[in-house]
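Colleague: I am new to this structure. Could you show me how to read it, feature by feature?

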Amino acid sequence: MQSLWLLTKEWDVALPDAETAQWRAYEDDLQGLPSISIPRWSGVTKSARLELHGFADASKLAYAAVLYVRILHGGGARVTLLASKTKVAPLKSLSIPRLELCAALLLAKLTASFLATADFNQAPVHLWSDSKTALHWIHGLPSRWPVFVANRCSEIVTLLPQASWHYVNTKHNPADVASRGCPVSVLREDRLWWNGPETLSSTTVPWPNNCDDFSQIVPTETEETESNVLVQSSDAPSDCELILRYSSYRRLCKILVHCLRFVTKLAQRCERPLTVQFQAAASVEVSVEELEQAERHLCRMTQNALLSVEIKCISAKSALPKSHPLAKLCPIIRNGLLCVGGRLRNAQINEDRKHPIILPATSHLVGLLIDDMHEKMFHGGTQLIAAHLRQRYWIPRLKIVLRARLLRCVICLRYGAETAFQRMADLPGVRVTPCRPFKNAGLDYAGPFLLKGSRYRGSYSYKGYFAIFVCMATKAVHLEAVSAYDTAAFLAAFRRFVSRRGPCRHLYSDRGTNFVVLTRSCGVCIAKDQAIISLSALSCVTYTALYGILIHRALRISADSGNLV
């Protein structure tokens with residue numbers, strides 16, 4: 001399954017021949033599984049002495065763990081397979097020793113689940129691995145190893161502190177069968193898999209303690225990872241703290257107006273000069289002039305926080321470096337604000353449009369301006385908001401900032417979501433079968449409309465309708481005026497239609513009262529959703545021959561099913 005997923009193909013795309021053949025061979029091999037039988041009883045009794053022996057192994061494709069129970073009773077030993085577990089190797093490339101360590105952790109978890117039961121909670125545990133590197137990691141201190149190895153070693157020791165780890169040769173490791181895989185026919189006759197190594201069942205003597213000192217083994221991977229990290233400290237300018245407190249531009253402007261009012265009145269009482277120029281209004285309510293002054297002060301605070309170096313350079317009448325992003329704008333200082341110089345000084349336009357205020361794209365004030373303008377423009381798009389913002393401000397990379405900001409708008413995200421697509425059903429046979437025009441027709445009413453009896457003065461108007469006949473094959477439309485919404489008026493309109501377009505074989509309509517009464521008044525035989533009427537039975541139609549017409553009425557729950565009108 002992992003190899004199929006790595007192909008990154010859609011679900012309806014055919015697989016390559018090699019993958020298809022491999023999958024078919026695996027499917028055929030599964031047919032032999034019923035020939036394998038596993039006994040339900042493991043042979044555990046109350047008088048027997050039990051030992052748990054687990055084996056772990058890994059390959060490039062998978063890693064596995066197998067657990068056996070060794071039963072010592074009556075001078076003999078019996079080994080029974082308890083459980084096994086296999087996992088596919090992760091997509092991220094890992095070394096074989098690390099995969100062996102993952103297999104050991106899998107074995108520890110499997111063994112811990114059996115130790116939690118009443119039958120095996122007192123049994124000694126012996127775990128085996130054919131990787132000396134993994135055993136060296138397990139017997140060492142986790143703090144010495146890299147993070148990946150240390151985390152897994154500490155979890156193994158935490159799960160099974162009483163377990164004894166031993167080394168086993170790969171030829172005698174039954175977990176090698178599960179990690180590399182084998183056909184069902186080979187697995188059925190494999191004694192190593194079903195009964196474990198022969199040394200477990202050939203003697204009744206307890207398994208000797210492993211005398212190998214794994215702490216002296218030099219692992220194939222580096223024990224301690226030394227990394228050199230280059231740290232560069234830079235004092236990045238931070239935005240104004242007052243602006244960062246608020247998420248609404250309008251609220252921020254009003255709060256700043258009240259703050260400036262307080263500072264101005266306090267300075268007047270103390271008779272101290274102010275560097276901040278602010279003219280407070282006489283009224284209690286916030287005026288438009290005060291809001292405009294607050295907007296300029298906000299721009300000045302943002303520039304002093306984020307563009308202080310550029311302001312000092314321009315104030316000293318020195319040019320910015322050519323590599324600076326603002327160098328091409330020829331910036332100038334206007335009313336204490338850093339503005340675009342440009343070439344429009346002689347243009348007969350507003351001063352704010354001549355010299356827009358420069359604001360850094362990373363400032364919080366720019367985000368508040370975009371959100372405020374987005375609401376003013378009734379959630380308009382990028383082009384509309386950019387056009388209005390550029391009338392007063394110059395923001396580098398404005399469209400990029402706009403797109404990133406508008407993606408956060410929940411309202412735009414909700415209304416701009418793609419609607420569900422419903423696939424329509426197949427067209428009925430009358431819609432796709434060529435035939436004479438209006439041989440198969442649909443019928444419905446439109447209206448009401450006001451109709452006049454004549455063109456002369458004094459003629460009265462009355463309520464009328466239009467009977468719409470649509471050809472099911474060509475979609476041609478025939479209109480007939482109907483004077484009333486009753487059966488008699490419809491019969492007159494239908495007679496005119498048949499006289500002009502010829503008799504139709506199939507007529508499709510909804511369950512209008514005039515259509516239902518039509519079928520009943522003519523003595524029609526109704527069967528389910530079909531009614532057969534004869535034109536000779538209509539008192540208003542005179543024909544020398546009889547024309548049979550089959551009328552189809554739509555179901556009550558779907559009045560427009562199969563119809564064009």
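Modeller: Start with a single residue, Gln383. This is a predicted model, so every value is computed from predicted atoms. Gln383 lies in helix H16, residues 382–389.

Colleague: Is Gln383 buried or exposed?

Modeller: The cut-off for exposed is over 50% relative accessible area. Gln383 has 54%, so Gln383 is exposed.

Colleague: How far apart are Gln383 and Leu402, in sequence and in space?

Modeller: They are 19 residues apart in sequence. From C-alpha to C-alpha, the distance is 9.3 Å.

Colleague: Where does Asp119 lie?

Modeller: Asp119 sits in the loop between H3 and S4. Its relative accessibility is 54%, so Asp119 counts as exposed. Now compare chain and space again. Asp119 and Lys46 are 73 residues apart along the chain, yet their C-alpha atoms are separated by 8.6 Å.

Colleague: What share of contacts joins residues at least 24 apart?

Modeller: Count the contacts between residues at least 6 apart in sequence: 62% of them join residues at least 24 apart.

Colleague: Now the whole protein. How many helices and strands does it have?

Modeller: There are 21 helices and 16 strands. The protein has 565 residues, and buried ones make up 39% of them. About 35,700 Å² is exposed, with carbon and sulfur atoms supplying 55% of that area.

Colleague: Which residues touch the most other members of the largest nonpolar core?

Modeller: A nonpolar core is a set of buried nonpolar residues joined through their side chains. The largest one here has 38 residues. Leu50, Leu52, Tyr63, Leu101, Leu127, Ile156 and Trp165 touch the most other members.

Colleague: Which elements give two or more residues to this core?

Modeller: Three strands do: S1 (49–58), S2 (62–73) and S4 (125–129). So do three helices: H3 (96–115), H4 (132–139) and H5 (147–159). H3 gives the largest share, 12 residues. Another core lies apart from this one. That second core has 34 residues, including Cys253, Phe278, Leu365 and Ala386.

Colleague: Nonpolar side chains can also be on the surface. Which residues form a nonpolar patch there?

Modeller: Trp23, Tyr26, Leu30 and Leu33 do. Together they have about 380 Å² of accessible area. Take Leu30, found in the loop between helix H2 (17–29) and S1. Its relative accessible area is 35%, so Leu30 is partly exposed.

Colleague: How do I check the length of a helix? Take H11, residues 249–270.

Modeller: Compare the expected span with the distance between the end C-alpha atoms. H11 has 22 residues, and at 1.5 Å a residue it should span 32 Å. Its end C-alpha atoms are 32 Å apart, so the two values agree.

Colleague: Which residues of H11 are buried?

Modeller: They are Tyr249, Leu252, Cys253, Leu256, Val257, Leu260, Arg261, Thr264 and Ala267. Their cover includes helices H10 (241–244), H12 (288–306) and H15 (364–376), along with strand S9 (393–394). After H11 comes Glu271, which has a positive phi, near 55°.

Colleague: Next, charges. How many salt bridges does a search of the whole structure find?

Modeller: Side chains of opposite charge can pair when their charged atoms come close. The search finds 13 salt bridges. One joins Lys109 and Glu155, with the closest N and O atoms 3.8 Å apart. This pair links distant parts of the chain: Lys109 is in helix H3 and Glu155 in helix H5, 46 residues apart. Lys109 is partly exposed at 41% relative accessible area. Glu155 also counts as partly exposed, at 33%.

Colleague: What about Arg180 and Asp176?

Modeller: Their side chains meet in a salt bridge, 2.6 Å from N to O. Both residues are in helix H6 (residues 175–180); they are 4 residues apart, so about one helical turn separates them. Arg180 counts as exposed, at 56% relative accessibility. Asp176 has 17%, so Asp176 counts as buried.

Colleague: Are Glu241 and Arg245 buried or exposed?

Modeller: Both are exposed. Their side chains meet in a salt bridge of 3.6 Å, N to O.

Colleague: Which residues are linked in a network of salt bridges?

Modeller: Arg49, Glu51 and Arg70 are.

Key: Residues numbered from 1 in each chain as written. Predicted model: local features only at pLDDT ≥ 70, side-chain atom pairs only at ≥ 80, totals over all residues. Heavy atoms only, no water. Core = buried A, V, L, I, M, F, W, Y, C linked by side-chain atoms within 4.5 Å. Buried < 20%, exposed > 50% of the residue type's maximum accessible area, 1.4 Å probe, protein only. Patch = residues over 30% accessible without salt bridge, like charges linked within 9 Å, V, L, I, M, F, W, Y side chains within 5 Å. Areas by Shrake-Rupley, 256 points an atom, 1.4 Å probe, with all protein chains shown as cover. Salt bridge = Lys/Arg side-chain N within 4 Å of Asp/Glu carboxyl O. Expected span 1.5 Å × (residues − 1). Contact = heavy atoms within 4.5 Å.
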